[in-house]
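Student: I'd like a close look at one part of this protein, please. Could you walk me through it step by step, starting from a single pairing and working outward?

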Amino acid sequence: MSPPSLIDAHPNLSDTAPVALSYELFPPRSPAAAETLWTTIRELEATEPDYVSVTYGASGSNRDTAVELINRLLLETTLRPLAHLTCVGNTPQELAGIVGELLDIGVRGILALRGDLPKDGGQPESGSLRYAQDLIDLIRRVEQRRSALLCAGKIAVGVAAYPTRHPESPSEEHDVEVLLAKQRSGADFAITQVFFEAGQYADLLTRARRAGVTIPIIPGVMPFTSLRRLNRLGELAGVAPAPKLMERLAAADNDIQRLHIGVDATVDLANAALDAGAPGIHLYTFNEHQSALEVLDKLALPRRSRPGNRRESSVRSQLAS
């Protein structure tokens with residue numbers, strides 16, 4: 001008789017794994033936008049996400065505002081920020097200083113991105129980093145120098161993945177090779193750019209696993225509720241949104257009807273990604289909570305609460321006063 005397996009000895013290990021949940025936010029551009037954003041933050045906080053990513057403008061144009069937002073998230077909420085960081089146009093010394101600043105305020109997760117190339121078509125400044133994998137290498141070097149301060153812990157490093165060909169890439173196969181290079185440099189997980197067709201995430205997962213990519217690849221999903229936003233993101237991604245969805249949204253009589261159509265389409269896409277093996281869902285909120293929460297309500301993700309992350313009520317009361 002064979003000895004019992006680990007799962008037999010611990011039946012709870014065979015339970016359905018919880019699905020990771022995260023959101024993307026961006027720094028506000030005005031006092032009015034800040035007020036709206038903090039309403040969204042409080043609404044999203046109640047869903048106990050695993051983290052929220054905080055982006056900033058091209059070439060770090062509003063990095064100070066992003067760092068300020070991250071700092072407030074750490075001090076005033078239970079949310080774990082994942083700080084976006086791009087490398088194009090910055091030297092290793094500058095980037096090491098930025099990483100150190102983020103670690104000093106308590107950040108323990110960084111989304112390492114190349115960033116947009118100069119719009120004038122020129123080349124980045126001499127000496128600046130040019131690829132995301134170079135940035136990952138730098139983050140790991142900073143981490144190693146600060147291992148005592150981090151209690152020998154690790155910085156969680158995320159990267160971008162592309163379900164459809166990157167606009168500057170020669171092929172989807174090349175995109176997977178780049179993702180594999182990021183993994184070799186020390187990436188822990190990837191979040192996909194926006195995609196519109198159910199099979200695109202599954203195809204990416206198949207190509208990546210065959211190439212040797214083993215890190216989790218989390219689908220980035222946007223609520224399909226805004227025609228303008230869909231058209232704009234379609235242009236940026238180089239992939240047109242599904243024509244039937246666009247027709248249905250355009251034919252809707254009002255915003256409520258558009259919300260329901262868009263939420264249903266988003267839920268279908270997210271469920272297809274989960275069925276394909278997605279370990280989580282990353283929602284691009286555009287600093288709005290209504291459609292994100294509608295999507296989340298219909299998804300019914302298997303989740304676990306995080307009671308250990310709740311702050312003392314006295315702190316809450318003080319912040320609210």
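How many bridges join strand E2 (residues 51-54) to E3, and are the two strands parallel or antiparallel?

Tutor: Happy to! Please keep in mind that this is a predicted model. E2 and E3 are joined by three bridges, and the two strands run parallel. You can find one pair of residues in this ladder by locating Ser53, which stands opposite Leu82 in E3.

Now step back to the whole sheet. It is open and has nine strands, in the order E7-E6-E5-E4-E3-E2-E1-E9-E8, with parallel pairing. Strand E7 (217-218) and strand E8 (220-221) are at the edges with a single partner strand each, so each has one side without a neighbour in the sheet.

From E3, continue to E4. Four bridges hold this parallel pair together, and Thr86 sits across from Leu113 in E4. The chain links these strands through a helix: E3, H4 and E4 form a right-handed β-α-β unit.

H4 itself has 13 residues, and its first and last C-alpha atoms are 18 Å apart, close to the 18 Å expected at 1.5 Å a residue. Its buried residues are Leu95, Ile98, Val99, Gly100, Leu102 and Leu103. Among the elements covering them are helix H3 (63-76), E3, E4 and H5. Just after H4, look for Gly106, which has a positive phi of about 115°.

E4 is well worth a pause, as five of its five residues are buried. Gly109, Leu111 and Leu113 lie on one side, with Ile110 and Ala112 on the other, and both faces are covered. On the way to E5, the pairing is again parallel, over three bridges; here Ile110 has Val157 in E5 as its bridge partner.

Next comes helix H5 (residues 132-145). Its 14 residues should span 20 Å at 1.5 Å a residue, and the 20 Å between its end C-alpha atoms agrees with that. The buried residues of H5 include Leu135, Ile136, Leu138, Ile139 and Val142, and also Gln133, Arg140 and Glu143. An α-helix has 3.6 residues a turn, so residues three or four places apart point the same way. The buried residues of H5 pack against strand E3 (81-86), helix H4 (92-104), strand E4 (109-113), strand E5 (156-161) and helix H6 (172-185).

That last contact leads us to H6, which lies across E5, strand E6 (189-192) and E7, at about 175° to E5.

Notes:
Residues numbered from 1 in each chain as written. Predicted model: local features only at pLDDT ≥ 70, side-chain atom pairs only at ≥ 80, totals over all residues. Heavy atoms only, no water. Expected span 1.5 Å × (residues − 1). Buried < 20%, exposed > 50% of the residue type's maximum accessible area, 1.4 Å probe, protein only. Contact = heavy atoms within 4.5 Å. Pairing = 2+ DSSP bridges. Axes fitted to C-alpha atoms, helices over the stretch in contact; angles between N-to-C directions. Right-handed = clockwise from strand over helix to strand, strands pointing away.
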